[in-house]
Amino acid sequence: MGFEQAWLSYGVLRKESKWRGIERICADPASPVMKNAVGELQKALGTMTGKEPVLCSGADKEAAGTRCIRFRQDGEGKADGYHVYEESGDVVIAASSDCGMLYGAFELIRQAQIGNSPVGLDIAKDPVMPLRMLNHWDNMDGSIERGYSGNSFFFDHDEILVDDRTVTYARLLASVGINGAVINNVNVKDAATWLITDRYFDKLRQLSEIFAGYGIRLFLSLNYAAPVELGELDSADPLSEEVGKWWKDRMKLVFEQVPHLGGFLIKADSEGRPGPFTYGRTHADGANMLAEAVEPYGGLIIWRCFVYNCKQDWRDYKTDRARSGYDNFIELDGAFRDNVILQIKNGPMDFQVREPVHPLFGGLKDTNQMLEVQIAQEYTGQQRHVCYLIPMFQEVLGFRTYVTETDDTVKDLVSGKTFGHTKCGMAAVANTGNDENWTGHDLAAANLYGFGRLAFDPSALAEEIAREWVVRTFGEDEEVCEVLLFILMNSWRAYEMYNAPLGIGWMVNPNYHYGPSVDGYEYDRWGTYHRADHLGIGVDRSHHGTGYAGLYREPNASMYDSPESCPDELLLFFHHMPYDHKLQSGKTVIQHIYDTHFEGVELVDEMVKRFESLEGKIPDKAYRRMLDRFRHQKEHAREWRDQINTYFYRKSGMDDEKGRQIF
């Protein structure tokens with residue numbers, strides 16, 4: 001197994017496999033994308049069958065005499081869509097674009113890896129999300145903000161790296177349909193501000209050309225205050241003619257030098273980042289000024305809605321960080337140019353293990369929207385704990401907003417189905433680094449793989465995605481598959497059980513966000529998160545409290561506003577409840593806290609026990625690496641259990657009805 005190739009490490013197919021009869025590829029690969037499509041098939045089938053298919057031109061297909069894979073231009077298909085099917089013993093990849101051909105080629109490779117036959121093959125797919133993007137938080141010194149898999153493979157010592165790993169990265173992304181990547185941290189500072197200068201154009205051009213060959217558009221995070229920080233202007237006021245002209249001139253230069261550039265990601269007026277608020281302007285003013293500058297080149301401005309400069313005294317029960325994104329953007333609906341996309345986190349807080357869906361989904365109607373999720377596991381174990389997040393993402397995508405009578409889910413909104421938007425999609429904060437296995441924990445690669453598959457085809461089930469990732473990565477051994485599938489499919493539930501209960505988050509050590517600290521953020525300047533006292537726990541976000549529940553459309557608003565109808569898993573996010581309040585499950589709040597924290601540890605113990613049975617069945621290096629992480633998770637889950645249970649036992653004075661040890 002080549003760990004550096006992840007799921008593109010190809011095993012040998014069985015002798016009876018029908019893929020062995022394919023000896024030719026009939027194509028005329030004129031473009032870099034088509035050359036890569038053909039090359040990927042040759043590499044994969046050559047490794048899996050022991051004989052690399054020979055390339056012949058499309059005109060030679062009748063003379064080939066043996067079964068082949070044929071590429072066929074289909075002018076009726078959707079851009080990036082494909083249709084792969086058997087025809088007279090051959091396999092056809094039909095698409096209307098070169099990228100569709102590439103995705104079709106990777107579909108054939110996937111089918112071969114998971115053991116399906118080319119005989120009778122007939123699969124047609126169109127990507128559901130127009131933009132399917134990774135956001136890297138890599139710094140140019142080589143570090144990664146919230147990075148848990150080594151250092152950056154894009155940057156080192158303020159230089160851009162372009163090497164074999166860059167190509168492998170592009171192959172991995174294209175194989176699951178990802179078509180965009182932001183390579184630098186949204187908190188743009190120091191050398192990263194200079195990415196839009198001739199200091200870095202040559203390497204950016206090389207990188208963008210590699211990406212373009214795999215259907216991926218390069219994006220950069222942009223420093224809103226660049227005119228000032230580069231020392232060329234004394235203002236970044238978006239309504240200043242001088243500032244607007246500076247950006248137009250700069251973007252003309254940038255796109256001339258890096259023609260494959262897709263655009264820019266902006267974090268403004270949040271956590272101390274500069275933005276239009278400095279000049280008394282709105283987010284729309286800032287975004288539109290930049291959008292006008294990149295529009296002639298087909299560029300996009302992706303503007304993050306993570307804005308929460310709402311400092312709060314702990315005695316203030318009305319200010320609510322959860323409201324900040326909605327309050328900042330809802331009145332600007334319809335005010336943004338067509339090449340601006342608002343990128344909205346899945347929840348209103350910050351990638352907690354359980355949050356409600358962000359109310360901007362369903363609040364906005366006339367604005368391009370993009371869903372932002374995080375596969376980096378910042379608050380879900382930092383890739384030391386296994387936590388397969390695709391089930392969470394599917395819940396978010398399936399959430400009904402009631403913005404229309406039909407086609408009103410988050411998936412419908414960010415795919416463009418609801419309002420006909422074409423500039424929309426799904427982005428994930430990346431979990432990769434220069435570790436040999438890319439993601440630190442070998443099983444964390446399932447989140448990278450799963451995100452791409454889900455963005456391309458949200459109808460794919462989380463378990464189906466996990467199963468095919470396991471087979472593609474570790475082979476077809478049924479015991480290996482079932483054990484790893486059990487671990488993946490139970491991991492999010494387990495983490496939530498021994499982590500924060502009933503929608504309460506932030507019980508982590510400040511700054512590095514790892515390990516339990518119940519009051520770590522509770523009296524923080526940015527907000528309060530659990531409001532626990534000797535009587536109860538939870539934040540009142542009903543109409544009696546911050547009013548946050550009312551930001552949703554009906555019937556969601558009324559459902560969340562009432563403790564009786566609010567789902568148990570979010571009860572304490574929306575309400576401050578007595579410890580003896582009975583949940584819909586029949587348990588009291590305090591007993592739920594005790595039970596889930598003990599049960600979460602038991603589930604981790606079972607996961608580790610099952611994993612240990614795989615010794616000798618998966619490559620030893622991967623087994624040892626994962627075993628170390630599982631043993632850490634087993635110990636760390638106990639730390640979570642004991643600190644959380646002890647805190648609430650001492651706070652409430654209520655015994656565990658099952659008499660288990662609580663310190």
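Q: Which residue in S6 is the bridge partner of Tyr-85?
A: That's Asp-122. Keep in mind that we're looking at a predicted model.

Q: OK, and how many bridges join S4 to S6, and which way do the two run?
A: There are 4 bridges between S4, which covers residues 82-87, and S6, and the pair runs antiparallel.

Q: What's the strand order in the sheet they belong to?
A: Going across, you get S2-S1-S3-S5-S4-S6, so to speak an open sheet of 6 strands with mixed pairing. S2 (54-56) and S6 (122-125) are the edge strands, each pairing on one side only. From one strand to the next, the twist averages 20°.

Q: Which strands does helix H1 touch?
A: H1, residues 32-49, packs on that sheet and touches S1, S2, S3 and S5. Its direction makes about 160° with that of S3.

Q: Switching topic: how many residues of H9 are buried?
A: 6 of its 8, so the helix, at 390-397, counts as mostly covered. Among the buried ones are Ile-390, Met-392, Phe-393 and Leu-397.

Q: And what do those buried residues pack against?
A: Two strands are in the list, S15 (369-374) and S16 (425-429). The helices there are H10, H11, H12 and H13.

Q: Where's Ser-517, then?
A: Ser-517 sits in the loop between H13 (478-498) and strand S17 (536-537).

Q: Is Ser-517 buried or exposed, and why?
A: Buried, because its relative accessible area is 18%, and the cut-off for buried is under 20%. Leaving out residues up to four places away in sequence, Ser-517 touches Trp-506, Met-507, Val-508 and Asn-509.

Technical notes. Residues numbered from 1 in each chain as written. Predicted model: local features only at pLDDT ≥ 70, side-chain atom pairs only at ≥ 80, totals over all residues. Heavy atoms only, no water. Buried < 20%, exposed > 50% of the residue type's maximum accessible area, 1.4 Å probe, protein only. Contact = heavy atoms within 4.5 Å. Pairing = 2+ DSSP bridges. Axes fitted to C-alpha atoms, helices over the stretch in contact; angles between N-to-C directions.
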